[in-house]
Amino acid sequence: MKETDERRIHVTILGTGTSTGIPVIGCSCRVCQSSDPRDKRLRCSCFVEADGVDLLIDVGPDFRMQAMRAGISNIDAVLISHHHFDHVVGLDDLRPFLFREQSKMACYTNEESGRILRNMFGYIFGGGNYPGAPNLTIVAVEGTFSVKSRRDPSRSVAVIPVPALHGDLEVLGFRIGRFAYITDTSGLPASSLELLGGLDVLVLDALRHERHAKHLTIEQAVELAQGIGANETFFIHMTHSLLHVEENEALPDSMALAYDGQKFSVGF
Ligand SMILES: [Zn+2]
Ligand SMILES: [Zn+2]
């Protein structure tokens, strides 16, 4: 990494699709059949390289393919938005990242998702000695926390959890420097909006145009994003009702649908 890159945060969007992934299995709609690679959406996940600390946000069913496609060779910690299947079911595929660097890898999430994950993945988090289970640990967080590099513990980065509502469920968004990532949300409490001033880039849930109890519509996401006022906003967790090119033409200048493999860098 060049000296000048040292204080930039490098972000790779690994997946932008809703829980089914796009194309939806067996679907012949125009989005599922589109030849535009930006209409192919794996399950939502994101890789963040910040000051020598490599963070993965969510680890869904497509994680193995996403890690290979993006050439990821190190992960220091996982930030987990919530325990829904499409965000956590790739946890076991973290094992290759624990072969070389064997120190424990922390999975940061909130109290409730932590409790449910311990039940879902008893062989990993149950405290037994299941042979070959990945050396992962759950850390429940509320306020700002610091994540250390597993290879060089002198390097660390501060992460601010941003509580968000996903219907009735409280999930976590995350802010790192001037970057914030909020998936699976139907709205933010005022206390969370206060954590989102001065952003370069906001990544935000925007499911589709039709209303949904647990996700923002495109219109709701645009309105929320305008209020937050990041320099740029990219939307994720889209269904197959949204054609990439068509939607982008209708969005305000500083906003766009994100796409799998998209990369950008932001300031601290
Ligand atoms: Zn989801
Ligand atoms: Zn969810």
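User: Which residue classes make up the lining of the largest pocket, and what makes a residue polar or charged there?

Analyst: The lining divides into 6 nonpolar, 2 polar and 5 charged residues. The classes go by residue type: Ala, Val, Leu, Ile, Met, Phe, Trp, Tyr, Cys and Pro are nonpolar, Asp, Glu, Lys and Arg are charged, and the others, Gly among them, are polar. The model is predicted: local features need pLDDT of at least 70 and side-chain atom pairs count only at pLDDT 80 or more, while totals for chains, interfaces and linings use all residues. Residues are numbered from 1 along each chain as its sequence is written, chains are lettered from A and ligands numbered from 1 in the order in which they are written, and side-chain values use heavy atoms, with hydrogens and water left out.

User: Why is this space called a pocket and not a cavity?

Analyst: On a 1 Å grid over the protein atoms alone, a cavity is a set of points where a 1.4 Å probe fits but cannot get out, whereas a pocket is an open set with protein on both sides within 12 Å along at least five of seven lines. The largest pocket holds about 240 Å³ of space, a volume being the space filled by probe spheres set on points joined across faces, edges and corners. Of its 13 lining residues, those closest to the centre are Ile72, Ser73, Pro96, Phe97 and Arg100; a lining residue has an atom within 4 Å of a point.

User: Which helices supply at least two residues of this lining?

Analyst: They are α1 (63-69) and α3 (96-99). The largest share, 4 residues, comes from α1. Helices (H or I, at least four residues) and strands (E, at least two) are DSSP runs, numbered from the N terminus.

User: How do you know which atoms coordinate the zinc ion (ligand 1)?

Analyst: Donors are N, O and S atoms within 2.8 Å of the metal (3.2 Å for Na, K and Ca). Asp86 (OD), His87 (NE2), Asp184 (OD) and His237 (NE2) lie at 2.1 to 2.3 Å from this ion, so they count as donors. Water is not among the atoms, so the site may look incomplete.

User: Why is the site of the zinc ion (ligand 1) called irregular?

Analyst: Four donors are tetrahedral if all angles lie between 85 and 135 degrees; four are square planar and six octahedral if opposite donors are over 155 degrees apart and all others between 65 and 115; anything else is irregular. The angles here run from 88 to 163°, so the tetrahedral range is exceeded, and the site is classed as irregular. Asp86 in helix α2 (residues 85-88) and His237 in the loop between β12 (232-236) and α8 (244-250) are 151 residues apart.

User: What makes the site of the zinc ion (ligand 2) irregular or regular?

Analyst: Its 4 donor atoms subtend angles of 87 to 174°, which makes the arrangement irregular. His84, in the loop between β4 (77-79) and α2, and Asp184, in the loop between β10 (179-182) and α6 (190-193), tie together parts 100 residues apart in sequence. The donors are His82 (NE2), His84 (ND1), His166 (NE2) and Asp184 (OD), at 2.2 to 2.3 Å. Asp184 bridges the two zinc ions, ligand 1 and ligand 2, which lie 3.5 Å apart.

User: Why are Asp184 and His84 placed in their accessibility classes?

Analyst: Buried means under 20% relative accessible area, exposed over 50%, and partly exposed in between (1.4 Å probe, protein chains only). Asp184 is at 2% and so counts as buried, whereas His84 is at 24% and so is partly exposed. His237 is buried too, with a relative accessible area of 1%.

User: What is unusual to check in the backbone at His237 and Asp58?

Analyst: His237 has a positive phi of about 65° although it is not a glycine. Asp58, also not a glycine, has phi near 70°; Asp58 lies in the loop between β3 (53-57) and α1 and is buried at 0%.

User: How do you know that Arg30 and Glu246 form a salt bridge?

Analyst: A salt bridge needs a side-chain nitrogen of Lys or Arg within 4 Å of a carboxyl oxygen of Asp or Glu. The N to O distance for Arg30 and Glu246 is 2.8 Å, so the pair qualifies. Arg30, in the loop between β1 (8-15) and β2 (45-50), and Glu246, in helix α8, are 216 residues apart. Arg30 is partly exposed at 49%, and Glu246 is partly exposed at 39%. The structure holds 9 salt bridges, including Arg38 with Asp36 at 2.9 Å.
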